[in-house]
Amino acid sequence: MEVELARPMLALNRATLPGDTEVYVLPRLLKIVSDKRGITLGGQRRTYSNVEFVAVHFDQHAGSAAEAEAQLRERLAVIDSLKTDLYRHADDRRLSGVITATSTGLYTAFKQARLDPVMRAGLDPTLVRDALIAPQTYPVPNDDLNMLIHYTVGIAPDKLGPALTGIAALTRDLSGSGNQSKQHATRAEAVGLHCAGLIPHGTVLPAHVPELAGYLALVFTQVAAFADIVANSGVGGGATAQPKNYVAALSRVPMRTIFDSLHDDVRAAIRGRADAISDHIGDRIVPAFSDDDSRHITNQPITIGDYIASALGGGPAVDQERVFGGMNETGLDPSVHGAADPDATTGRGVPVELRAYGTRYPSWATFVGEAVTLLRWSRGMALSDFPKTGSTDHWLPEVTRLLDEYEANVRKVRREIPPARDESMFAVNWNVTTLHRRIAETLKEYPGFPGHARGPGWQPTDLAGLTCYQRYAALTQGLGALIEGFDPNPFPPPFDFSGPFAEEEADKGKESDESMETD
């Protein structure tokens, strides 16, 4: 997690610090580094270095949900305290003179609670280099309100498809500015499944198919973002917005590295059908692009064709930084496990950075709420036993987010509101169909869903009596007549639900029977 403040932070001589300059470190917890921002002063655009907190990775899937949330809140409390220190004075002051004992005391408490005596010995707050907190040198309007957060979560390859659908529901809609990142993420799971369908039956073990489809879903989002960057680039290949912002879930790992970690049969299947997969991905991207369209990073052009070939196991490997600009690439996360990892002791989590999750410039309270919500969602997505141990506190927020997204698209199908600019009805119908399936899958994760085995003392809950279920049924009613091939009943036998789903399915069957009658 990275928390960027608008607060200016300069070298002691008031020069701009290079990006990612470490100035202050709390070992095993977080560090303060420099970033870059722009400001208009005297009618001229200037660039200055600003404050950014970078939290150290921790295994949020270990232990109970309460323990994981406690660790997150500990980190947020230290960031909040340091943020207060940095905004305490209106004049320019040295960083070494503004950090208070309150902040260092919170770090001491963290060490005592989370690290054993041997591990915490010698770990102390470290001023790597002093810096100038400089609100007078660069008077940024409302800079205390301009907090920009980028979250990174690890996702196992076999969970990437449904995870991208969930991330799409959490992503801000930027399509008005030519950025289709939310729309691409919404379509990704379906594109991945279709691409997996291009592989001859029996080529990939059934247990490895989710990994195949999930990886190809991720490839689609990265390639689609590349196409958006090119479409919105000016002369010389420079994007009009920061290139990283064109993708909802930016892989922090080179695509070839992920490809090389896949099962042998999955890699062989992708290589064997690379041309067909590449063509299908290209057909699903609007605007259309050429394989020769390119980005120019440090005078080294890279084409979309080169990039997708690398992701599908062919040609030279292409780093993410060459496509999306400045970033710190990482390796796979061994603490994030999938259902069928080649080595059961080592996970292959793909760290993805969520570029447009939550409120753009949140208040502190909003930030904390969104960070906790993401933690719960990430655990729910990652842990295979989540349906058996989850509660409505973890489950309901995800259902509600999906329903909000579903309702927005259903209203477009019903012509109650117009589609977004450059959004086709084909894309809207696809969104509705994909979200319909994802909501049904999420509803089945509810602890009271019929057919779930539970431990002693478990009591079932009537799913049909929940408000979210009733809302889902009401939104779905009538869509079968508006979207070709749409199946309104998401719950196949043996699950038997009364209400609008069952009624619409019965009406559909009745119409079919009547159509077979002859005069």
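**Strands, rings and a few shaky stretches**

Okay, let's start with a pairing: strands E1 and E8 run antiparallel, with four bridges joining them. One spot to look at there is Glu-2, which sits opposite His-150 of E8. Keep in mind that what we have here is a predicted model.

Let me stay with E1, residues 2-10, for a moment. Nine of its nine residues are buried, so the rest of the structure largely encloses this strand. Both faces are covered, too. On one side you've got Glu-2, Glu-4, Ala-6, Pro-8 and Leu-10, and on the other Val-3, Leu-5, Arg-7 and Met-9. And yes, that list of buried residues includes Glu-2, Glu-4 and Arg-7.

E8 isn't E1's sole partner in what I'm showing. E1 also pairs antiparallel with E4, residues 44-55, over four bridges, and there Glu-2 stands opposite Val-54. Then there's E7, residues 132-133, joined to E1 by two bridges, again antiparallel; the residue facing Leu-132 of E7 is Leu-10.

Now go back to E8, residues 147-155, and follow it to E12: five bridges, antiparallel. Tyr-151 has Leu-354 in E12 as its bridge partner. E12 also pairs with E9, residues 249-251, in the antiparallel sense over three bridges, and Ser-251 is partnered there with Val-352.

So how enclosed is E12, residues 350-354? Five of its five residues are buried, so it's largely enclosed by the rest of the structure. Val-350, Val-352 and Leu-354 cover one side, with Pro-351 and Glu-353 on the other.

Tyr-151 brings us to the aromatics. It forms one cluster with Tyr-357, Trp-364 and Phe-367. The count for the model is nine aromatic pairs. Take Trp-364 and Phe-367: their ring centres are 5.0 Å apart and the planes sit at 80°, so that pair is edge-to-face. Why are those two about one helical turn apart? Because they're three residues apart in helix H12, residues 364-382. Phe-367 comes out at 0% relative accessibility, so we call it buried.

Last thing, confidence. The average pLDDT is 81, and 82% of the residues score at least 70. Where does it drop? Residues 451-461 are below 50, and that stretch has 15 contacts beyond near neighbours in sequence. Residues 502-519 also stay under 50, with 13 contacts beyond four places in sequence.

That's me done, happy to pull any of this up on screen.

Methods
Residues numbered from 1 in each chain as written. Predicted model: local features only at pLDDT ≥ 70, side-chain atom pairs only at ≥ 80, totals over all residues. Heavy atoms only, no water. Phe/Tyr/Trp six-rings, centres within 6.5 Å; stacked < 30°, edge-to-face > 60°. Buried < 20%, exposed > 50% of the residue type's maximum accessible area, 1.4 Å probe, protein only. pLDDT = per-residue confidence, 0-100. Contact = heavy atoms within 4.5 Å. Pairing = 2+ DSSP bridges.
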